[in-house]
Amino acid sequence: MRQFISVADIGPLDKALAEAAMIKQDRFAFTGLGRNKTLLMIFFNSSLRTRLSTQKAAMNLGMNVIVLDVNQGAWKLETERGVIMDGDKAEHLLEAIPVMGSYCDIIGVRSFAGLTDKKADYEETVISQFIKYSGRPVFSMEAATRHPLQSFADLITIEEYKTVERPKVVMTWAPHPKALPQAVPNSFAEWMTAADYDFVITHPHGYELDPAFTKGATIEYDQRKALEGADFVYAKNWSAYTDPNYGKVLSTDRAWTVDAEKMGLTNNAFFMHCLPVRRNMIVTDDVIESERSLVIPEAANREISAQVVIKRLLENL
Ligand code: CP
């Protein structure tokens, strides 16, 4: 594997899941693989889980790790070519990327959607430039349109907890006060359809996602109907994708909050969320604290998904 930006890069899911299970059995089995190799993790946006789990995964493989927060201590970076750089941005990404590549063997990048220019977001302007100009294998630690390390961890978690071969997995939009990217729901949809689960997406009108990601899923606008018989409930907020409302918050209707009464419509479903989560907006305290909540094991599996990906990149250096 030379890059990891979507489900297409991971190959057959059964093999990836088997590798994840093996690593979970003994996460130090490949500790020599990363000896004298350096991972550079570059953050354009904040993180708790991705930062810690990816760093831990690389350390399990024996790697050295450098973490750069671009907005804290580095020069402000220009990303557009052709711009007259007479403003506050002191360095261009086109020099910064190959320089960063010269200090490491593998690069992880986190760069969220700006939510103002849909074309730039969906062309993945930032991570694409890292792939093109760094000279190193690049993996996504959440880009503008996808969060594949999260989705892989979600898949591992569902496989660990499912009791039927083809569970019903319902991704429900839930309210949030701020505009959030579509990366997590896009990616989750992509991975759930690749896994061939009975996958249902429910959201208010106006929150339709890019059909390129949701093809194969059932779209149900009635949240209560969607939740009936669910084995897993995956809550997530996202901002509008469709024009002319791209990147906007169209609703903060708390009638969409996942609560115990709604979980009662399901097949005693497990509750999932990628975190961080706004309690009593996305999900009520009692649901997230219930014994059916998987948010902590789901986050713990981020170490495993990252380790499978970094291991495969190391094996192809
Ligand atoms: N789920 C997730 O990616 O969390 P962080 O933003 O804290 O990394």
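The ligand lies between two domains, because domain 1 (3–146 + 302–315) and domain 2 (150–298) both give residues to the shell around it. The model described here is predicted. The ligand is surrounded by Ser47, Leu48, Arg49, Thr50, Arg110, His147, Gln150, Cys274, Leu275 and Arg302. By residue class, this shell divides into 3 nonpolar, 4 polar and 3 charged residues.

Side chains of the shell also approach oxygen atoms of the ligand. In the side chain of arginine 49, an N or O atom is 2.9 Å from a ligand oxygen. The corresponding distance for threonine 50 is 2.6 Å, and for histidine 147 it is 2.8 Å. On its own the ligand has 260 Å² of accessible area, of which the protein covers 93%.

**Salt bridges**

A search of the whole structure finds 19 salt bridges. In general terms, side chains of opposite charge can pair when their charged atoms come close. Three pairs are set out below with the distance between their closest N and O atoms.

| Acidic residue | Basic residue | Closest N and O atoms |
|---|---|---|
| Glutamate 160 | Lysine 24 | 2.8 Å |
| Aspartate 69 | Arginine 51 | 2.6 Å |
| Glutamate 190 | Arginine 146 | 2.9 Å |

The salt bridge between lysine 24 and glutamate 160 ties together parts that are 136 residues apart in sequence, because lysine 24 lies in helix α1 (residues 13–25) and glutamate 160 in helix α6 (residues 148–161). Lysine 24 counts as partly exposed, at 32% relative accessibility. Glutamate 160 is likewise partly exposed, with a relative accessible area of 39%.

Aspartate 69 forms its salt bridge with arginine 51. Aspartate 69 belongs to strand β3 (residues 64–69) and arginine 51 to helix α2 (residues 49–60), so this pair ties together parts that are 18 residues apart in sequence.

How are glutamate 190 and arginine 146 placed, buried or exposed? Both residues are buried. They form a salt bridge with each other, and the pair links distant parts of the chain, 44 residues apart. Glutamate 190 is in helix α7 (residues 183–194), whereas arginine 146 is in the loop between β7 (138–140) and α6.

Salt bridges that share partners also join Glu19, Lys311, Arg312 and Glu315 into one network.

Notes. Residues are numbered from 1 along each chain as its sequence is written. This is a predicted model: local features need pLDDT of at least 70, side-chain atom pairs count only at pLDDT 80 or more; totals for chains, interfaces and linings use all residues. Side-chain values use heavy atoms; hydrogens and water are left out. A residue is near a molecule or strand if one of its heavy atoms lies within 4 Å of it. A polar contact is a pair of N or O atoms within 3.5 Å; within protein, one must be able to donate a hydrogen and the other to accept it, and residues adjacent in sequence count only if both atoms are side-chain atoms. Accessible areas come from the Shrake-Rupley method with a 1.4 Å probe; for residues, only the protein chains shown count as cover. Ala, Val, Leu, Ile, Met, Phe, Trp, Tyr, Cys and Pro count as nonpolar, Asp, Glu, Lys and Arg as charged, and the others, Gly among them, as polar. Domain bounds come from an automatic or database domain assignment. A salt bridge is a side-chain nitrogen of Lys or Arg within 4 Å of a carboxyl oxygen of Asp or Glu. Helices (H or I, at least four residues) and strands (E, at least two) are DSSP runs, numbered from the N terminus. Buried means under 20% relative accessible area, exposed over 50%, partly exposed in between (1.4 Å probe, protein chains only).
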